[in-house]
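This report describes selected features of a predicted model. The sequence and structure are shown first, and the discussion follows.

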2 protein chains.
Amino acid sequence: MSFPRKTHWTKDVTPELDGKEVILTGWVWDIRDLGNIKFILLRDREGIIQLTVKKGVAPEGVWSLTQSLGREDAIAVKGVVKASKIARAGVEVFPSEIHVVAKSKALPIDIWGSVETDLDTRLKYRSIDLKRPINSLIFRVESEVTRAIRETLYGRGFIEVFTPKIIVTSTEGGAELFTVQYFERAAYLAQSPQLYKEELTASLERVFEIAPAYRAEKHNTNYHLNEFISVDIEEAFANYMDVMDVLEDVIISVYERVNKVFSNELAKYGIEIKIPKKPFRRITYDEALDMLSRRGLKINWGDDVPKNGLELLSEEFNEPFFIIHFPTDLRAFYTKPLDSDPKISESFDLVIGGLEIASGSSRIHIKEQLIEALRKRGLNPENFESHLMVYDYGMPPHAGWGMGLYRLLMVLLKRDNIREVVLYPRDRFRLEP
Amino acid sequence: MSFPRKTHWTKDVTPELDGKEVILTGWVWDIRDLGNIKFILLRDREGIIQLTVKKGVAPEGVWSLTQSLGREDAIAVKGVVKASKIARAGVEVFPSEIHVVAKSKALPIDIWGSVETDLDTRLKYRSIDLKRPINSLIFRVESEVTRAIRETLYGRGFIEVFTPKIIVTSTEGGAELFTVQYFERAAYLAQSPQLYKEELTASLERVFEIAPAYRAEKHNTNYHLNEFISVDIEEAFANYMDVMDVLEDVIISVYERVNKVFSNELAKYGIEIKIPKKPFRRITYDEALDMLSRRGLKINWGDDVPKNGLELLSEEFNEPFFIIHFPTDLRAFYTKPLDSDPKISESFDLVIGGLEIASGSSRIHIKEQLIEALRKRGLNPENFESHLMVYDYGMPPHAGWGMGLYRLLMVLLKRDNIREVVLYPRDRFRLEP
């Protein structure tokens, strides 16, 4: 056992393995010393298991080694599983070998939950903070969420694409972008794959991308970051209603998957996954304004629904819902106006738990209309020449949406701060670790 | 049918659907006019199908509309499937409705294969170039490749992570990085997730990431780009041999999946997928130098194996192979030296078709050794303080690799230029589209 590899994750050591030998690897979570018997709790990414070491029963080397074991030492263990009525998860392991592969000093922050550490300090020591079981859970959930998203999209005929994040022009015009020095030229970090994914509908028809996006905005809130993961789809020969249907399927598959895989673990933290039903409630922008007005929040027609408005509506509905038909001028230039009333647009936001999770629309697919929409917003069509060119060659009607992965995780896992669901967040003042 | 949505992709319209009504969407690939009968070839992302329109049989509106149809017009079609011995794929469709959803001008480049267009021009009009069936195939393969990679990694206990691409320090020291203006500070675009993924082994144990990576190198070759997709894994309690085994599984699953899904389509372009067998051949760096010396290529011990050396070796083996045990000084600071001979390292490159596809190693997990390795390379350990801190707290032995997704696609699909397998490539002189 010069280089031990685990045969089982802790969670997979079940009473059915009684009498079997296993190899486990992980960290010493805690040690309980009862004199002639020691209980060592071994933590790995998936859980915690009890190792039982009895003086005179365990090999002498194992017994003496346990005297010097410390919390968070990385260890590899060979041992025999015993079903047990009293131990955690109904099993304990009697080690025949324990190898200390790396000692640990006393941690700079508490990971056991006896002392609360503020978020700033936790983020400063993020790689240590991630040893906390709740964090291991959050990021296992995140991986399962992207997996569910992709599988739902494959099932609906979407393929995954990769578009460049270094670009020459701003997607939406005036938004704030980070500048990159690209050899001799100034370039920008993409705020979204918007124009690329639209162009791709003219060939690949249904595309999605899960990739970083960048906004150089000076926000300092609990739900904005300057680098985030954007889930984007775009579909040819489709309108906003079609892609809202795709979005519903994506959200439901995420909730179902997370509930199926993690409901027991989440319950320990009081997190319950309530699976929404299809179709989600849909209210128009005008209806939202009326409802908010009755609740005492006046919003001028043409202004966006502010965060406290979304919260009031979420309180009222207590389930995911769409706001549809936003004023055309409120949305980006590529948003298609309603044929019947061009002041409003074939657009939608998905709101969950008071947060805008996703945003989408039917897009303009007629070149002259697109040029007109650019001009109306003070943008120069000449800067979009290579994009506009594509519209000359059979550009199909198309629609799509972008969703903030971290926001979805926030509401799914009921975290107050988006930084809790990001491994190494980037905000106005945080650029490391 | 004001807003038609396809019921079938062209490839799914098979003789078994004889007599059934379908809705198809796509583009007019070609029109063959036989006087009283017109054959319209309709292309979508998945293939091409024949629409048959007979004067006096088709509705009058359909017949008259076909008079003005042009190549690459975007259309939606409702029609009845007929099994046919002579038509392509054994079926034709008799349209009852045809809707032109967008007209096309004459294309700026040929997509039919009658005229060769040089790569530069094709990339200039990339969104049009992507309408070529070979390109639609390449990017459907790409999507399937990332899907196979992820499924293999999930199956081996890896979870997907997202690490920041805006960073403060260089991963490997002296490499050339793109500078980003991050508010008041200068920052860089990450050349790899190396240090983050290593830190994550101390909590999440087995992680992978598929994300953009950046190198500000002034290469101008057929196999380098300045922005590329890097597939990265890192595994706790594992060494280089363990992760080579993971890499073999990943490669084999990719070849198997692509062969299963696309072998017929690829055969049309003369592309055959030869599935490699496990374990891949492994030669040491010293053996590689000896073999190349016998072939007349002298390489000084300590220098990297140049491209023409990799080509000679690939010619000899004609299958994927590993070069292992590179000189320690040739590799990045985190590479673990062999205990038995610290001049050489527990490192490997995977070579396929004369190209370095992936590169990995066991990593140093002992803080003092890591500090020493930094110093030996002229790097200041103080610049790595927050990274080194993690090594104080039970840092497990670990190993991993990084793989260039586009290079894998190049060799898989036998493309000579990496730009062929990238939607919108970024190189020394190309920043748009």
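Which residue of β16(A) does Ser362(A) stand opposite? The residue is Ala399(A).

## Strand β16 of chain A and its partners

The pair formed by Ser362(A) and Ala399(A) introduces the pairing of strand β15 with strand β16 in chain A. Strand β15(A) covers residues 355–363 and pairs with β16(A) in the antiparallel sense, over 6 bridges. Strand β11(A), residues 227–236, also pairs with β16(A) in the antiparallel sense, in this case over 7 bridges. Within β16(A), Gly402(A) is the bridge partner of Asp232(A).

Strand β16(A) spans residues 398–404, and 6 of its 7 residues are buried, so the strand is largely enclosed by the rest of the structure.

## The eight-stranded sheet of chain B

In chain B, 8 strands form an open sheet with mixed pairing, in the order β6-β10-β11-β16-β15-β14-β13-β12. The edges are occupied by β6(B), residues 159–160, and β12(B), residues 281–284; each has a single partner strand, so one side of each is left without a neighbour in the sheet. In general, strands of a sheet pair through backbone hydrogen bonds, in a parallel or an antiparallel sense.

Strands β10(B) (residues 206–214) and β11(B) (residues 227–236) pair in the antiparallel sense over 9 bridges. In this pairing, Arg206(B) stands opposite Glu235(B) of β11(B). Helix α4(B), residues 133–155, lies across β6, β10, β11 and β16 of chain B. The helix runs at about 150° to β10(B).

## Two helices of chain B with a buried face

Helix α1(B) comprises residues 60–68, and its buried residues are Val62(B), Trp63(B) and Thr66(B). Viewed down the helix axis, these residues fall within an arc of 100°, so they line one face of α1(B). The buried residues of α1(B) pack against three strands of chain B: β2 (37–44), β3 (47–54) and β5 (91–102).

Helix α9(B), residues 367–376, has Lys367(B), Leu370(B), Ile371(B), Ala373(B) and Leu374(B) buried. These residues cover an arc of only 160° around the axis, which puts them on the same side of α9(B). Glu368(B), Arg375(B) and Lys376(B) are exposed on the other side of the helix. The packing partner of the buried residues of α9(B) is α10(B), residues 385–390. Following α9(B) is Gly378(B), which has a positive phi, near 75°.

## Arg126 of chain A

Is Arg126(A) buried or exposed? With a relative accessibility of 1%, Arg126(A) counts as buried, the cut-off being under 20%. The residue lies in helix α3(A), residues 126–129.

The side chain of Arg126(A) reaches two backbone oxygens: that of Val422(A) at 2.7 Å and that of Leu423(A) at 2.8 Å. Leaving aside neighbours within four places in sequence, the residues in contact with Arg126(A) include Asn135(A), Phe139(A), Arg419(A), Glu420(A), Tyr424(A) and Pro433(A).

## Relation between the two chains

Chain B is superposed on chain A by a rotation of 180° with 0.0 Å of shift along the axis, at an RMSD of 0.0 Å. This is the relation of a two-fold axis. The C-alpha of chain B nearest the axis belongs to Val180(B), at 2.3 Å from it. Both copies use the same surface, since 100% of the contact residues of chain B recur in chain A.

Conventions. Residues are numbered from 1 along each chain as its sequence is written. Chains are lettered from A and ligands numbered from 1 in the order in which they are written. This is a predicted model: local features need pLDDT of at least 70, side-chain atom pairs count only at pLDDT 80 or more; totals for chains, interfaces and linings use all residues. Side-chain values use heavy atoms; hydrogens and water are left out. Buried means under 20% relative accessible area, exposed over 50%, partly exposed in between (1.4 Å probe, protein chains only). Helices (H or I, at least four residues) and strands (E, at least two) are DSSP runs, numbered from the N terminus. Two strands pair if DSSP finds at least two bridges between them. The arc is that of the directions from the helix axis to the C-beta atoms. Contact means heavy atoms within 4.5 Å. Axes are lines fitted to C-alpha atoms, for helices over the stretch in contact, and angles run from 0 to 180 degrees between N-to-C directions. A polar contact is a pair of N or O atoms within 3.5 Å; within protein, one must be able to donate a hydrogen and the other to accept it, and residues adjacent in sequence count only if both atoms are side-chain atoms. Copies are superposed by least squares on the C-alpha atoms of residues with pLDDT of at least 70 in both.
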